[in-house]
Amino acid sequence: MDLYEINSLALLLMTKISPSNDTSLKNYIETSIYTFVAEVLETVAEKYFITQMSEELVLNLSLHVSNLIYRAKNGKQVRNPLSEEIKHSYAFIYEVAVFIAQKIQQKIKLPISDDEITFIAMHIGSYFEEKFETENKLSCVIYTPEYYDMHERLVYKIDEKFNSQLNIVDTFYRLDSNALVKMRQADLVLSTIEIKELDKAIQLSPFLSGKDLEKIQAEIQTVQQRKVLNTLKKSIQTYLTPEHFKRNIYLDSPDDYIDYLGTQLVQTDYIEPSFIDLIKAREKMSATSFNNAVALPHAMEMTAKKTGISIILNDYPVKWGTYYVQVIIIIVMNKTDMKKFRQLFDFMIDTFSEQEKLHQLLSTQNYTAFIDTLFE
């Protein structure tokens, strides 16, 4: 183990011991690197609608970037055995990591490998997932009659258990017209008594058993999926028009497909011709092929004139990076629609990763059949 590796291990241990080490840790980091990472994360927060970046995240990522730059400048390679798993299972987090890696690459004028990008994704992953989850809470109304302090304990337990997923907007202890109005407006209604006037209420026991917790969690997932699918169906039907749906187009390389689909979007006034180069630049950072099925070439800049999707379905696979794919989708985003990018991105990858669904979609021969099959 050389001196660099010893110092790296020492820094790693210091980050795990105590927050009081923050001042000492900063002394190990060049001020320019810390400032650079803070500025990049500020840009990320604005770009991806993250409300706040913690000091701990900035510090830990700065330490990692400091080591990454050292490795890049000294030709040291790292391997991450989870690279493909993270890229496929946490595609949007990986995409944010690619954006950060691109900024680092521009700063040091050296390439950043897929393995290094994956390590960045691991650093930011849990923080971003928690933020995304918190900012997409479901509104919840609880109805439970007052009896000693049982009603208070019930509300407290639900809030404690599901705080990251539910925003309890109202609690009612008697049923009246005002309560029913609020319940109909909420995403989720939890009640200890049957509410005949409301179909969507989930009935619980006053003691909140383990089965009740499972019931609430299952309903949260159902409601979230329904909301996302409703939003996505409207979005995809708006952004993917019949003239941008193609079957069996066989070209020689990913760049050729990007040119082909990009030119269509230029001709229909979705993007400027220069936007095609932005898509190719993102592709060079890390291939956008996923799970042996789909390639999702896109730009990291959200400067399209308007948001659009262009898609090719092929009966036979074509080589894209290290994979062979049958579905090629370009998504171009206008900054006003940026909040929808993550949903679109993850939905496309998840949908085409399911073999049965993939087979059904590949058998569709026209736009209408494709849309119907996508959401059936």
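## R247 and its surroundings

Let's start with R247, which sits in strand β5, a stretch covering residues 245-247. Keep in mind that this is a predicted model. R247 has a relative accessible area of 16%, and buried here means under 20%, so R247 counts as buried.

What does the side chain of R247 reach at 3.2 Å? That would be the backbone oxygen of L362. The R247 side chain also has a polar atom 2.9 Å from the backbone oxygen of L313. If you skip the neighbours within four places in sequence, the contacts of R247 are L313, N314 and D315, along with L362, T364 and Q365.

## The two sides of helix α9

Now over to helix α9, made of residues 177-185, where A179, L180 and M183 are buried. Because these three span an arc of only 95° around the axis, they end up on the same side of α9. Flip to the other side of the helix and you find S177 and Q185, both exposed.

So what do the buried residues of α9 pack against? Three strands: β1 (138-143), β2 (166-172) and β3 (188-191).

## Where α9 begins

There's one more polar detail to look at, at the start of α9. Here D176 brings a side-chain oxygen to within 3.2 Å of the backbone nitrogen of N178. If you have the structure open, D176 and N178 are the pair to pick out at this end of the helix, while A179, L180 and M183 mark its buried residues.

Definitions and conventions
Residues are numbered from 1 along each chain as its sequence is written. This is a predicted model: local features need pLDDT of at least 70, side-chain atom pairs count only at pLDDT 80 or more; totals for chains, interfaces and linings use all residues. Side-chain values use heavy atoms; hydrogens and water are left out. Helices (H or I, at least four residues) and strands (E, at least two) are DSSP runs, numbered from the N terminus. Buried means under 20% relative accessible area, exposed over 50%, partly exposed in between (1.4 Å probe, protein chains only). A polar contact is a pair of N or O atoms within 3.5 Å; within protein, one must be able to donate a hydrogen and the other to accept it, and residues adjacent in sequence count only if both atoms are side-chain atoms. Contact means heavy atoms within 4.5 Å. The arc is that of the directions from the helix axis to the C-beta atoms.
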